[in-house]
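Q: Please take a close look at one part of this predicted model, the place where its two chains meet, and describe it step by step.

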Number of protein chains: 2
Amino acid sequence: MENPHGTLEVLDAEGLSAIHTASTRVLEELGIELWSPEARRLFADAGAKIDGEVVRIGADIVEAALATAPSSFTLTSRNPSKQLRIGGRSMAFGLVAGPAAVHDEIEGRRASNMADYENFIRLAHYFNAIHIIGNQVVAPMELPANTRHLDAYRANLMLSDLSYHCTSIGRGRALDGIQMMAISRGDSLDDMAAAPGVTTIISVNSPRRFDAEMASGLMTMAEHGQPVSVTPFTLMGAMAPVTLAAALAQQNAEALFGIALTQLVRPGAPVLYGAFTSNVDMRSGAPAFGTPEQVKANVASGQLARRYGLPYRASNSSASNVVDAQAAYETQMSLWGCVLGGANLVYHAAGWMEGGLQASYEKLILDVEMLQQTMEFLTPVPCSGPDLAFDAMERVPTGGHFSATSTPSNAMRPPSTRH
Amino acid sequence: MENPHGTLEVLDAEGLSAIHTASTRVLEELGIELWSPEARRLFADAGAKIDGEVVRIGADIVEAALATAPSSFTLTSRNPSKQLRIGGRSMAFGLVAGPAAVHDEIEGRRASNMADYENFIRLAHYFNAIHIIGNQVVAPMELPANTRHLDAYRANLMLSDLSYHCTSIGRGRALDGIQMMAISRGDSLDDMAAAPGVTTIISVNSPRRFDAEMASGLMTMAEHGQPVSVTPFTLMGAMAPVTLAAALAQQNAEALFGIALTQLVRPGAPVLYGAFTSNVDMRSGAPAFGTPEQVKANVASGQLARRYGLPYRASNSSASNVVDAQAAYETQMSLWGCVLGGANLVYHAAGWMEGGLQASYEKLILDVEMLQQTMEFLTPVPCSGPDLAFDAMERVPTGGHFSATSTPSNAMRPPSTRH
């Protein structure tokens, strides 16, 4: 889907520059802790300063990376008719990802299992508002942890025809995901590199730490030309300073660092600017989502991503524990932040509950309704002759009604087409 | 409150012009039915073509009106510290207005009475998110219909210090409202004209009809220099064609007609471009609110108002019958339409339920929460040195936390300041 209406700006040019400059200073003066010796060698070869596990990089390394990172790319699943362009004004919605608990109205909150996993994939395949499968929609808790990802990839491929997310905890899980998509497409790994088919998120252990497993996952994906969303988890007041400007500066430093690593591995590898800045309840420390601060963060992060010419990944989210008014308004808030920020890839777009601790069947249905409304909003308003319906206005008398007046059918689609 | 983030556009320049041109054609060729002989005389004197009760006006009359209508004005209540500027990037929220039923969790849905009226005014006075009192928040059904407005104005003045809406069904009710505000301010009617203190909405009986009572109310308010929101009620598929472009063209014609009338009465009288375009369920005919079509209509109407250099009035609304997830997401949708359309005056911002048939205490509280979030979104993001908190980032080790780190306090306000 393409956004015809454009984006908003919550930072003026000065503010945007100030955040960029602060993040440059973080990278140069404070550095990022990087647990992977292999990744540290790549940075060292590029001229970074290595001090134990801490890597300090100059603007030259960042600029070189931004020069080779593409501004858009296309994801090709086993169904080529569902190609997803990621970049520019495109927007795609992904299924909730990551919870180890599931909720439905009948059985309540419980540990998730493979049957739940499969059900969610079926729903993702069915609804026109889900365009990609995120990380494991729920953890199939009854399956062995070290092979679970294979069962998940298999379900993704058998029960849907969408591109999916490779779990990038280490090299093996990422490579398995790439290879299984290649098999389903009948393609080689070289074909996959030429036309990527899977994606991943690398979550930074904010503040300023990349662990070995995530660095390894990032490098594997980049080596094979598969896109990576580098996403700092910068909750204001917890993993980042409490001010929005500072949290954005830290997010920006961490994101640019990971983005630079992808380009050191494979110049031209597709990579997304990832943002997950929100706030916490400062009394309890509980993460808060769908807050006005998160809306601003989502919009501001879009400005940063566009400054760097990178596709942008954000999230839809809510901290509510049930499918209630709070769940709806928090989800709307973060979703509007994604729309107005120009997010190209929206993770957790449907089914996320309890700050990401639960996947909910009912929430998924509610979210799909809201996503479909967003999709309808993101269509142009046709204003040609027939759309202006002058003849209809002429035919209906003053004080009359249009309930039985035929007019062009292109502006209103019946609800039945929204599945 | 001022919106620092700007607005969105859902119509391109061509679409905007096409709607303007179509509305000009409606005014010139089809005309508007106007039941007030006094108002018809004003149009006749200005050169309009009068055919029975139908008035056809050319672009000259519209352009003359737009040349004298002010682009902004200030409302002064009995508390001068609560002056409201209406126009430009300003945004003000009004209480729900009009229902004859009320709902609370304990007593359920019932006919409203004066005690309810007074309670809602107390709540409007208390919350920082309510800036103006709309038309009667609920009808005090037990009081005589012909003096009810006096009781309502009295409660507005005794239980709040906000500007309020005069019921403009005929000359008398409007004049009573103006005079009572003048008394409370210790001002004359001339003082009131120099510094308006009340406002009203003139709802057009769409399609293309102004009844005598509303025309009379409009003329009274304009004579006394009090602002009028001219608001066609153009539900697509019912009172307007089913396409958005045509509904906007009809809305635009009707709004410009009423706006022209205010300027014929008193050149320079403050007037707002009013919009209330949404759609109906085409199977049942039931009005729908908070739909993607309404969001587009709210944004597009802002583009039209800015084209004409007029302040803009829109509405927050939902068709839900209870305070549930639907109520929350529909309200969010229409509220974002108001924000992104640059609405200066948002009627029904808090407490509206069941498509305007009920005022709800619980919905008011939910809406105030959402309005306060919107207000927080509509604050700038400070990005000066201390906001970037480099020292905090320097002090917190990699992988550490900021939960006990002092940073500037200007970005996060504790919830207790949101009342």
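A: What follows describes the interface of the chains and then turns to a small group of strands.

In this predicted model, 79 residues of chain B are in contact with 79 residues of chain A, and the two chains bury about 6800 Å² between them, of which 71% lies on carbon and sulfur atoms. Across this interface the rule finds 0 salt bridges, whereas it does find 20 residue pairs in polar contact, with both residues at pLDDT 80 or more. Looking at the side of chain B that touches chain A, one finds that α1 (13–30), α9 (244–265), α10 (292–308), α11 (325–341), α12 (361–377), α13 (385–388) and α14 (390–395) of chain B each supply at least two residues. Of the contributions to this side, that of α1(B) is the most, with 8 residues. By residue type, the side of chain B that touches chain A divides into 44 nonpolar, 20 polar and 15 charged residues.

Turning to the strands of chain A, strand β13 (residues 234–236) runs parallel to strand β15 (residues 277–280), and 3 bridges join them; here A:T234 has A:T277 in β15(A) as its bridge partner. Strand β15(A) also pairs with strand β16 (residues 287–288) of chain A, this time in the antiparallel sense and over 2 bridges, with A:N279 having A:A288 in β16(A) as its bridge partner. The hairpin of β15(A) and β16(A) has 6 residues between the strands, and in this hairpin A:G285 takes a positive phi near 85°.

Technical notes:
Residues numbered from 1 in each chain as written. Chains lettered and ligands numbered in written order. Predicted model: local features only at pLDDT ≥ 70, side-chain atom pairs only at ≥ 80, totals over all residues. Heavy atoms only, no water. Pairing = 2+ DSSP bridges. Helix = DSSP H or I, 4+ residues; strand = E, 2+ residues; numbered from the N terminus. Contact = heavy atoms within 4.5 Å. Buried area = accessible area lost by both parts, 1.4 Å probe. Salt bridge = Lys/Arg side-chain N within 4 Å of Asp/Glu carboxyl O. Polar contact = N/O pair within 3.5 Å; in protein donor to acceptor, adjacent residues only side chain to side chain. Nonpolar A, V, L, I, M, F, W, Y, C, P; charged D, E, K, R; others polar.
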